[in-house]
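Q: Please take a close look at one part of this model, the open sheet with mixed pairing and what packs around it, and then set that part in the context of the chain.

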Amino acid sequence: MDVILSRGLIKSFGGKLVLKGLTFSVVKGSITGFVGPNGAGKTTTIKILSGLLRKDKGEILVLGEDPWDNPRIRKRVSVIFTKLPYPSNDSVKEYLEDLNSVFRGDLQRLIREFNLQDHLKKRVSQLSSGQAQKIQLIASLLKDPELVIADEPTANLDPQARLEFYDMVKALARDYGVTFFISSHILSELERVIDHVVFIEDGTVKALGELSYVESLVNADEVVVLVKDKERAMTVLKDFNPVPDGPYIKVKGEVRKIIDLLDDNHIEVLSVRKVSLDDVFRKLSGI
């Protein structure tokens, strides 16, 4: 069963059409990235999925039901925001215990698994952004959700905290069987964790599916290399249509042949990769 199913979803504000027939699905058990430029309609979509906003037209199903003002869906879905909503004077322990008085999850196990024992007496307002997002993850798991929806969850985190957050997401998807739907603009890090992606622009879906499939839609034969002698490499790779891109060279062809040719000419290869999520985003968005 698709955990999320959207067909022809339409939403407008003040006469301006924001979602223009949005159609996509999210596979059960997946970690799906929801990406697109600012103003594409990502946050509006997430608010509709979370039951916070009513659609105008079309069909939207979350776990098989319309999420709008639906208490059954709220029991089965957790939402993570950019900032943790909390009472300013609560300690971590008080905040989590208050939530658990409603959801009655295995709080002690989660505290152990997230190594939170040394932070329980801290005020939530005293936590770093990374620790606060860890608290959001724990809070989201108290209701034993089938789906976690996250709207730019790493926007305020430093690089190390972002990596730690996504490591936790991978572990939760694996160990708890939770489906994740994550909106983010930091694509290089999102790419480390997602297995499916939905690209949205101007209120419509531009591409969707497994990450490898979507990446293959945009210059599947393109290779990006970083070498020590860029100028000589440009000459050596002339038959592969080399294009300089900052310190990198973009070429088209088989990775093995490209590396062998550089090696035969004693040009040291520092890194090589296929097309990235950032590349796909730029090309689909016309950037």
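A: Two strands are said to pair if DSSP finds at least two bridges between them, and the elements themselves are DSSP runs numbered from the N terminus, helices being H or I runs of at least four residues and strands being E runs of at least two. This is a predicted model, in which local features need pLDDT of at least 70 and side-chain atom pairs count only at pLDDT 80 or more, whereas totals for chains, interfaces and linings use all residues. Residues are numbered from 1 along each chain as its sequence is written, and side-chain values use heavy atoms, with hydrogens and water left out.

With those terms in place, the part in question is an open sheet of 6 strands, in the order E5-E6-E7-E3-E8-E9 and with mixed pairing. Strand E5 (77-80) and strand E9 (204-210) stand at its edges, and because each has a single partner strand, one side of each is left without a neighbour in the sheet. Neighbouring strands of this sheet are turned against each other by 15° on average, direction ignored; axes here are lines fitted to C-alpha atoms, for helices over the stretch in contact, and angles run from 0 to 180 degrees between N-to-C directions.

Strand E7 is a good place to look more closely. Strand E6 (residues 147-151) pairs with strand E7 (residues 179-183) in the parallel sense over 5 bridges; Leu 147 stands opposite Thr 179 of E7, and Ile 149 has Phe 181 of E7 as its bridge partner. Strand E3 also pairs with E7 in the parallel sense, here over 4 bridges, and the bridge partner of Gly 33 in E7 is Ile 182.

As for exposure, a residue is called buried under 20% relative accessible area, exposed over 50% and partly exposed in between, with a 1.4 Å probe and protein chains only. By that criterion 5 of the 5 residues of E7 are buried, so this strand is largely enclosed by the rest of the structure. Both faces of E7 are covered, with Thr 179, Phe 181 and Ser 183 buried on one side and Phe 180 and Ile 182 buried on the other.

Two helices can be placed against these strands, contact meaning heavy atoms within 4.5 Å. Helix H5 (residues 129-141) packs on the sheet and touches E5, E6 and E7, its direction making about 170° with that of E5. Helix H6 (residues 159-176) lies across strand E3 (31-35) and E7, and runs at about 155° to E7.

Within strand E3, Gly 33 deserves separate attention. Gly 33 is buried, with a relative accessible area of 0%, and, leaving aside residues up to four places away in sequence, Gly 33 touches Ile 182, Leu 190, Ile 194, His 196, Val 197 and Val 198. Gly 33 and Phe 180 are 147 residues apart in sequence, yet their C-alpha atoms are 8.3 Å apart in space.

Following E5 along the chain leads to Ser 91, which is found in the loop between E5 and helix H3 (92-103). Ser 91 is buried, with a relative accessible area of 9%, and touches Leu 120, Lys 121, Lys 122, Arg 123 and Val 124, again not counting residues up to four places away in sequence.

The chain also holds an open sheet of 3 strands, in the order E2-E1-E4 and with antiparallel pairing. Strand E2 (16-27) and strand E4 (57-62) are the edge strands there, each pairing on one side only, and the twist from one strand to the next averages 20°. Strand E1 (residues 2-13) and E2 pair in the antiparallel sense over 9 bridges, with Ser 12 opposite Leu 17 in E2, while helix H1 (residues 42-49) lies across E1, E2 and E4 and runs at about 60° to E2.

For the chain as a whole, the secondary structure comes to 11 helices and 13 strands, and the C-alpha atoms fill a box of roughly 65 × 50 × 35 Å along the principal axes. Buried residues make up 47% of the 287 residues, and among contacts between residues at least 6 apart in sequence, 69% join residues at least 24 apart.
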